[in-house]
Amino acid sequence: HTMNDRLALVLPKNAPVPENLADWSCLSDIPFIALDPAMFSFLITDIEMVLEARNFHPKVISHYNRLEDILIPIDAGFGFSIIPVSVAGKTPYNISCIPLPDESGVVSRVVAWRINNRNRSMELFLDVVRELFSYEKEQ
């Protein structure tokens, strides 16, 4: 199955939100909290495309190797990031999650398994995958 997710601009609640999502100049003084390139090479490419489309060059202050952990410093007001809505949209943190509406914000992921797999945990695994990627319908 191919499942689509959408990248989101994730900000502390008190940070300025760009009026125009194509112009992030109001964020130029806010530090950027990035994902570890070694752990997330597949996602880093997508994020770099979003930044390039906006001609935005953030000031990276740290790298995180877990998607969920990146929300902690954002909640504390240390900076902003770009991560999938499937992670940022379902959180108890006091953050703003703004899905990116343009095509550069769409990320696709593929999940594959053997059809004849009779392992009972497979259906549970697929339920988790469907829940994580429920932002947009399966293709």
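## Leu-11 and its surroundings

Leu-11 is a buried residue, with a relative accessible area of 0%. Its place is in strand S1, and the coordinates come from a predicted model. Set aside the neighbours within four places in sequence, and Leu-11 is still in contact with Pro-16, Val-17, Pro-18, Leu-27, Ile-74, Phe-80, Ile-95, Ser-96 and Ile-98.

There's a long-range pairing to look at here too. Leu-11 and Asp-75 sit 64 residues apart in sequence, yet their C-alpha atoms are 7.9 Å apart in space.

## Arg-6, also in S1

Strand S1 covers residues 2-12, and Arg-6 is found in it. Is this arginine buried or exposed? Arg-6 has a relative accessible area of 11%, and because the cut-off for buried is under 20%, Arg-6 counts as buried.

What does the side chain of Arg-6 have for polar company? One of its polar atoms lies 2.6 Å from the backbone oxygen of Leu-100.

## Asn-55 in a loop

Follow the chain to the loop between H1 and S3 and you'll find Asn-55. Its phi is positive, at about 50 degrees, even though Asn-55 is not a glycine.

As for solvent, Asn-55 has a relative accessibility of 60%. The cut-off for exposed is over 50%, so Asn-55 goes down as exposed.

## The second largest pocket

Now for some empty space. The second largest pocket has a volume of about 170 Å³. Its lining is made of 14 residues, and the ones nearest the centre are Phe-32, Ala-34, Ile-44, Glu-48 and Leu-51.

Which elements supply at least two residues each to that lining? They are strand S2 (32-35), helix H1 (41-53), strand S3 (60-64) and strand S4 (81-84). By residue class, the lining splits into 11 nonpolar, 2 polar and 1 charged.

## How confident is the prediction?

Across the protein chain, pLDDT averages 84, and 91% of the residues score at least 70. Element by element, S2 has the highest mean pLDDT, at 96, while strand S6 (residues 106-110) has the lowest, at 70. So that you can place S2 again: this strand is also one of the contributors to the pocket lining described above.

Where does pLDDT stay under 50? That happens over residues 135-139, and for this stretch the model has 12 contacts beyond four places in sequence.

Definitions and conventions: Residues numbered from 1 in each chain as written. Predicted model: local features only at pLDDT ≥ 70, side-chain atom pairs only at ≥ 80, totals over all residues. Heavy atoms only, no water. 1 Å grid on protein atoms, 1.4 Å probe; cavity = no way out; pocket = protein on both sides within 12 Å on 5 of 7 lines; lining within 4 Å. Points joined across faces, edges and corners; volume = space filled by probe spheres on them. Helix = DSSP H or I, 4+ residues; strand = E, 2+ residues; numbered from the N terminus. Nonpolar A, V, L, I, M, F, W, Y, C, P; charged D, E, K, R; others polar. pLDDT = per-residue confidence, 0-100. Contact = heavy atoms within 4.5 Å. Buried < 20%, exposed > 50% of the residue type's maximum accessible area, 1.4 Å probe, protein only. Polar contact = N/O pair within 3.5 Å; in protein donor to acceptor, adjacent residues only side chain to side chain.
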